[in-house]
Amino acid sequence: MNTAYFYLTSEGEQLARKLSASHPGDLYGKENFKENLRAGFSRYDYLVCIMATGIVVRILAPLIVHKTSDPGVVVLDQKGRHAISLLSGHLGGANDLAREMAFLSGGEAVITTATDVAGELSFDTFAKKYHMSIENIGQLKHISGTLLEGKPIRLITNYSFDELDESIKKGKMLLHRTDSLQNANEVALTTLLSDPLPTVVIDECFTFATPPTYPVLYLRPRTICAGIGCKRNMDGESIENALLSVLKDAGLSPLSLKCISTIPLKADEPGIQSTASHLQVPLTIIPTEEIEALDIHSLGIQTSDFVSAQTGVLSVSTASSYLASGKGRILKDKVKFKGITIALCQSEMGCRTK
């Protein structure tokens, strides 16, 4: 996460240097100030502005798009007495940054987001902490609003989290296990659908087949590592469509993708690179020697003499996804398409109860 500090006075510069000594970042002074601040909005994850709040608001207001994409912006007075979380407090990390800046400056953090003030859980901050994708951010306000009103919500998951345990014990969140619902009979699911309780789903797979009339927020844990093998110069559209098809057949949300993996020989394939870029996940290259060290046969992974002759390893897609997942659970062994193979493995989150 990269940070930029902006200041307009010599006292502000001293504070910026003090803060950056513990939280490194680039420093910008008065020269070309407005241009630098505007450019920094799209370049940096965090902006720390040591100046009057009004100056920052007037300059940045035309650039604001959405809390899912805007950087975290914190404003401090030049003496460091107050660190104000101005923009993107939760997803952008400005609330935590304000607390950090206040600690470093010896001042006080000013946090105004309702859930923080009320001491209630914010599910966008929660999702960011656990590297989850938020499928439908528009439903978040209904969940937060229900909690702020002191009313319970429903939680559907097979994971356990320390932050949620106390709320579950107090009855603020009514827990339903995903596997129980997936195996439930139609009567049980109909009863659940008819109970108008705002709901949070934390799962890679579970989705209501019939959209409920009440708000449902879907959080998708990023635990799925996809392995890809392909022939030379395979186009990205075909690779992406193959991957999305395998995810759909497995009942997995594409938002649960953690990474795409392959072997060094395929690292420069434009189709694989473009698929990772378009789906906004990292491309992980698994060293050949790590695949060679695997006991492929005992793992039950499909092998191919042709693949071995072409690549030097017995498995590309499954072996690379298995290693990228930290030797997790193989969900889909090599699925073949024309000139493409796809495999899926699931990494552990550390809080899994499945």
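Author: A crossing is right-handed if the near helix is turned clockwise from the far one by less than a right angle. In this predicted model, the crossing of helix 11 and helix 12 is right-handed.

Reader: What makes helix 11 oblique to helix 12?

Author: The axes of helix 11 (residues 236–249) and helix 12 (residues 270–278) cross at roughly 55°. Angles under 35 degrees count as roughly parallel, and 65 to 115 as roughly perpendicular. The crossing angle falls in neither range, so helix 11 is oblique to helix 12.

Reader: Which residues of helix 11 and helix 12 meet?

Author: Gly236, Ile239, Glu240 and Leu243 in helix 11 meet Gly271, Ile272, Ser274, Thr275 and His278 in helix 12. Three of these contact residues are nonpolar, five polar and one charged.

Reader: Why is the pair of Arg99 and Asp96 called a salt bridge?

Author: Their closest N and O atoms are 2.9 Å apart. The cut-off is 4 Å, so the pair qualifies. Both residues sit in helix 4 (residues 94–105), about one helical turn apart.

Reader: What does the salt bridge of Glu163 with Lys129 tie together?

Author: Glu163 lies in helix 8 (residues 162–169) and Lys129 in helix 6 (residues 123–129), so the bridge joins parts 34 residues apart in sequence. The closest N and O atoms of this pair are 2.6 Å apart.

Reader: Why is Glu149 called exposed, but Lys151 partly exposed?

Author: Exposed means over 50% relative accessible area. Glu149 has 56%, so Glu149 is exposed. Lys151 has 47%, so Lys151 counts as partly exposed. The two side chains meet in a salt bridge at 3.4 Å, N to O.

Technical notes:
Residues numbered from 1 in each chain as written. Predicted model: local features only at pLDDT ≥ 70, side-chain atom pairs only at ≥ 80, totals over all residues. Heavy atoms only, no water. Axes fitted to C-alpha atoms, helices over the stretch in contact; angles between N-to-C directions. Helix = DSSP H or I, 4+ residues; strand = E, 2+ residues; numbered from the N terminus. Parallel < 35°, antiparallel > 145°, perpendicular 65-115°, else oblique. Contact = heavy atoms within 4.5 Å. Nonpolar A, V, L, I, M, F, W, Y, C, P; charged D, E, K, R; others polar. Buried < 20%, exposed > 50% of the residue type's maximum accessible area, 1.4 Å probe, protein only.
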